[in-house]
Amino acid sequence: MNDTYKLSGTGMILRVAAGVLSAAIFLLPAVSCTAKGDGAVSPSDLPYYFEDRDMEKSLDSFLDTFVKWYPLSQDGEWNYDCEKVSEGDVNMMTCIVSPDACVDWRLFSDMPEEDRFIEKPDDPRGWAASANTYYVFDAETADRIAREIFYVSDSDIDSLVSKAEASRRFYRHDGQYYVVYEGGTDSEVRMKNRVARLVDEKYLVNFEVERISRTYEGEVSYILYDCTAKMAYKSIGGRYYWSLYTFESRQK
């Protein structure tokens, strides 16, 4: 999702380079998961045809990023539900506040990725004593991404941040989240056969994901998943973004 575009009400399309948007674009009230996620929807038989090609590309980019960096749970489940975000062992806030975030930060902040890196002496709590890589993220922007893109409630944000601090994943200090980073996944993730359907003003997106993992011993495992995402394409401060209510997967 390198480009975000669309001027509502005019029918004109304006390309805006990713990476120039700041947290100030979030000018609308957050939409709750319960208010928008009004239960199960029945898929249409007809695939949705994207007349707007950049809208389609941004969908694929969103899902590519999400499935690569949103981890499997310890039970091997690979799901997300905005109504149950505080349950389970996957912390959505740690998935947002990370150099390997499950959403593209360049769409929401004009800070270059390399400028997020800080040296050990700049770590206020000294958590980076055993790590060589440390990053900072604007806390207000991260919280708004959670609210607007993943429909996380304020109470769930507070709960997830507390859990992240307790497990020393990151902490909040002076309006920023400080993140100890110890490396990302060694898995290769590929999405294919994506089909979207518009149902009740939401998008049901079905696709397959190939997940290839390598062990330290050099062994390779291959898993194929059938996946379904319930999503919306919404305006935030005059720009359009994909957002996610639920994500489900099943091993084939």
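Student: How many helices and strands does the chain have?

Tutor: This is a predicted model. The chain has five helices and eleven strands. Of its 252 residues, 47% count as buried.

Student: Why is the contact between Asp60 and Arg194 called a salt bridge?

Tutor: The closest N and O atoms of Asp60 and Arg194 are 2.8 Å apart. The cut-off is 4 Å between a side-chain nitrogen of Lys or Arg and a carboxyl oxygen of Asp or Glu, so the pair qualifies. Asp60 is in helix α2 and Arg194 in strand β8, 134 residues apart. Both belong to a network of salt bridges that also includes Arg53 and Glu56.

Student: Why is Arg194 called buried, and what is Asp60 called?

Tutor: Buried means under 20% relative accessible area, and partly exposed runs from there up to 50%. Arg194 has 19%, so Arg194 is buried. Asp60 has 22%, so Asp60 counts as partly exposed.

Student: What makes Glu148 and Lys234 a salt bridge, and which parts of the chain do they tie together?

Tutor: Their closest N and O atoms are 2.8 Å apart, which is within the 4 Å limit, so the pair counts. Glu148 lies in helix α4 and Lys234 in strand β10, so the salt bridge ties together parts that are 86 residues apart in sequence. Glu148 has a relative accessible area of 4% and Lys234 one of 11%. Both values are under 20%, so both residues are buried.

Student: How do you know that Asp154 and Arg147 form a salt bridge, and are they buried or partly exposed?

Tutor: The closest N and O atoms are 2.4 Å apart, and that is within 4 Å, so the pair meets the criterion. Asp154, at 44% relative accessibility, counts as partly exposed. Arg147, at 23%, counts as partly exposed as well. The whole structure holds 14 salt bridges.

Student: Why is the pair of Tyr48 and Tyr203 called edge-to-face?

Tutor: The structure has 21 aromatic pairs. In this one, the ring centres of Tyr48 and Tyr203 are 5.3 Å apart and the planes make an angle of 85°. Centres within 6.5 Å make a pair, and planes over 60 degrees apart make it edge-to-face, so both conditions hold. Tyr48 is in the loop between α1 and α2 and Tyr203 in strand β9, 155 residues apart.

Student: What makes the pair of Phe108 and Tyr241 stacked?

Tutor: Here the planes of Phe108 and Tyr241 are 25° apart, with 5.1 Å from centre to centre. An angle under 30 degrees counts as stacked, so the label applies. Phe108 lies in the loop between α3 and β4 and Tyr241 in strand β11, so the pair ties together parts 133 residues apart in sequence. Phe108 is buried at 1%, and Tyr241 is buried at 1%.

Student: Which residues touch the most other members of the largest nonpolar core?

Tutor: They are Phe66, Tyr80, Met92 and Phe150, in a core of 63 residues. Strand β10 gives the most to this core, with seven residues. Beyond its neighbours within four places in sequence, Phe150 is in contact with residues including Phe62, Phe66, Tyr80, Met92 and Leu244. Ring pairs also link Phe150 into a cluster, with Phe62, Phe66, Tyr80 and Trp78 among the members.

Student: How do you know that the charged end of Arg211 sits over the ring of Trp78?

Tutor: The charged end of Arg211 is 5.1 Å from the ring centre and counts as sitting over the ring. The distance limit is 6 Å, so 5.1 Å satisfies that part of the test.

Notes:
Residues numbered from 1 in each chain as written. Predicted model: local features only at pLDDT ≥ 70, side-chain atom pairs only at ≥ 80, totals over all residues. Heavy atoms only, no water. Helix = DSSP H or I, 4+ residues; strand = E, 2+ residues; numbered from the N terminus. Buried < 20%, exposed > 50% of the residue type's maximum accessible area, 1.4 Å probe, protein only. Core = buried A, V, L, I, M, F, W, Y, C linked by side-chain atoms within 4.5 Å. Contact = heavy atoms within 4.5 Å. Phe/Tyr/Trp six-rings, centres within 6.5 Å; stacked < 30°, edge-to-face > 60°. Lys NZ or Arg CZ within 6 Å of the ring centre and 35° of its normal.
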